[in-house]
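Subject: Structure for you to look at

Hi there,

Here is the structure I promised to pass on. Have a look when you get a moment, and my notes follow below.

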Amino acid sequence: MSALTFDKSELGNLEYSLQREMLSTDRIGGYMSTTIVCCNTRKYHGLMVAPIDDSDRTYVLLSSLDETIVQHDQSFNLALHRFQGTYAPRGHKYITDFEYTPTPTITYRVGGVILKKELLWIHKRTQLMIRYTLVDAHSETKLRLRPFLAFRDKHALSKANMEADGHSYPAINGVKCRLYESFPWLYLQTSKPGMEFMPAPDWYYNFEYQQEMQRGYEGYEDLMTTGYFETEMKKGESIIFSASLEEMGSPRTIEEMFSASIARRTHKVDFISCMEHAARQFLVRRPGNRTEVIAGYPWHNVSIRQTFISLPGITLQQNHKEDFIDALDTLVRTMKDGMFQGRGSAAINADTPLWFFWSLQRLEEAVGEAEIWKRYGKAMKEILAAYKQGVGGRVILNNNGLIWASAGDQPLTWMNTSINGRAVTPRNGYQVEVNALWYNAVCYTLTLAQQHHDRAFIKEWEALPEKTRQSFNEMFSLPEGYLADYVGEEGANRFIRPNMIIACGLPYKMLNMEMQVDVIRTVRQHLLTPKGLRSLTPRNPLYKGTQEGTPEERDEGAKNGSVWPWLLSFYVKACFDIDAERFLPQAEEILAGFDDDIQSYGIGAIAEHYDADPPFTPRGACSQAWSVAAVLDIYTMIQQHTPQKKTVKATRKAAAKEAKETTKTTRKCAKTATKTAKKEPAKKAAAKPAVQ
């Protein structure tokens, strides 16, 4: 693939084109999102969706902009809307080409008229620019631009009302609008001096958002237009439309900003460059020196768990360690009593603070262990102390060295979907991934403490890892050859879920190699798909193969079958840890499984999750941070394990050295673990990769 392009036959097929959505962000919390034919199918779609204050809430300000070509007193509306089951106008029939790079660009042809439209979000400003170029025309041509305004929360819908101010007020070479006093002014300006604006306030009723209705939500909205711009255009002429929360000083300023901004855009020419571009869209710089990670577009905000899991993949592959550090520092500054605030506390999400340690382990690859201990050692020790003391009466470190997490009907792990107060996947007790993360966190902190001679911490914690390891293996290891998903008051839950793969994909593992291979085989047999890991084996009676129907039905499927790409990186890591470069062909096959995804659903990105049954239809958010991060992590692992002018012997020697270093570090963490390990019979390496 040389570029993300779509032709007339694809664009004219609405079943095809309306399933493909584009996204552009301003890096400060705002975005533009719609389909590739500019027909909004979600309430979250809009040309300007942005925060208006310091909160995380975002608002749809400019919903859409209708373009009309006027020739010989005939009007040709290039827009596409759906009103109560009917498309009107049907401007998609004039589209001949769509190209995603360097910025979303659509070409229209109306008779002898060819009009090119380039949509550009300006980084670090709440500003959208659209440049129209009249490529060809053989007679007098006019361009009319009619903006449709919503001025509402992105999760809500606008309805016609008497309170909305439909007036337009003068601005430099344009107008300013504000439907409600609680909002800032929206400046609508153009680069053509004297371009006329015709005031004509009116409500347009019942815009239909098909995706919302299919998801079981209300899908009708009323939008306000305050008038329209109109001007004559000459062949070869370009006009830039600007929508911004700040007034532009002059038409020339608009032209200069557009030219400078588009010159800085990267070209998305292949799969990895698309992933790198998507990764950069999740990092958001907010007022107050806050750097945050948007979990997914278009409806998610910040998730602290997903921040920790996503940061390595979306930053380190591009050497953006400063973004990584800034995002971590933003969260560390909020800590109180050893916990991150809000949903970052273990009292709400038992695993989230433990993902912080895994994130630091990944950051250490870029900055070194000394910097990690200097910058985050205090926070690491405070978090462990908080778990040891107990968090909110819900998270307890028991005498067996394991973490017990329980909150009645409220789920405390990433499998956190609830329906009417009932957890879809109740997992109260000892959860497999929570305790794997706990062991990893304690071992990693002990390792750094030993390297930096923190004797008090070492004395307090050095005996715990071996106790945790023994208890974990006794409690979670099942005779069937895999790990219990959780162990509650009723005993071990034997559901085959993907959470056990995390225990095999962390730097510090409690499982011997034989058990790791058994877990990987089970995951491969029951859960592995080309798009990620299923959240439940198809052999379970609770399994849901597709995620369709009412919100409740979809919620049941999300954690009882749906495929999650983010888990793939732990599966690939676990396999590489066992087989080193021998796993390379399988890893490359897994990565190649996403090649086509950047041309469907959210173009240039990876979806939040997928149906569990073929054809693995994408679902959820169109661009999800931890999905993109997982794909880039897998790409990085492939690069690391690809021999570069090495002989097979040299590669195996390096792998052996790495294994030796890992063993050495684990001994430091849990001194008695090696005695137990020596009792286990030595096993000769298999001729074939162990995880096949």
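Among contacts in the chain with a separation of 6 or more, what share comes from residues 24 or more positions apart? That share is 67%. Please keep in mind while reading that this is a predicted model.

Here is the overall picture. The chain contains 20 helices and 36 strands. Its C-alpha trace spans about 90 × 50 × 50 Å along the principal axes. The radius of gyration is 27 Å, which agrees with the value near 26 Å for a compact globule, because the chain has 692 residues. Of those 692 residues, 60% count as buried.

On the outside, the chain exposes about 27700 Å², and 49% of that area is supplied by carbon and sulfur atoms. As for charge, there are 84 positive and 81 negative side chains, with the centres of the two sets 7 Å apart.

One helix I looked at in detail is H14, which covers residues 513–526. Between its first and last C-alpha, H14 reaches 20 Å, close to the 20 Å expected for its 14 residues at 1.5 Å a residue. Which residues of H14 are buried? They are Met515, Gln516, Val517, Val519, Ile520, Thr522, Val523 and His526. The cover over these buried residues includes two helices, H13 (500–505) and H16 (568–579), along with strands E30 (528–529) and E31 (532–534).

Happy to talk it through whenever suits you.

Best wishes

How values were computed
Residues are numbered from 1 along each chain as its sequence is written. This is a predicted model: local features need pLDDT of at least 70, side-chain atom pairs count only at pLDDT 80 or more; totals for chains, interfaces and linings use all residues. Side-chain values use heavy atoms; hydrogens and water are left out. Helices (H or I, at least four residues) and strands (E, at least two) are DSSP runs, numbered from the N terminus. The radius of gyration is taken over C-alpha atoms; the globule rule is 2.2 Å times the number of residues to the power 0.38. Buried means under 20% relative accessible area, exposed over 50%, partly exposed in between (1.4 Å probe, protein chains only). Contact means heavy atoms within 4.5 Å. Accessible areas come from the Shrake-Rupley method with a 1.4 Å probe; for residues, only the protein chains shown count as cover. Lys and Arg count as positive and Asp and Glu as negative; His and the chain ends are not counted. The place of a charge is taken as NZ of Lys, CZ of Arg, CG of Asp or CD of Glu. The expected span of a helix is 1.5 Å times one less than its number of residues.
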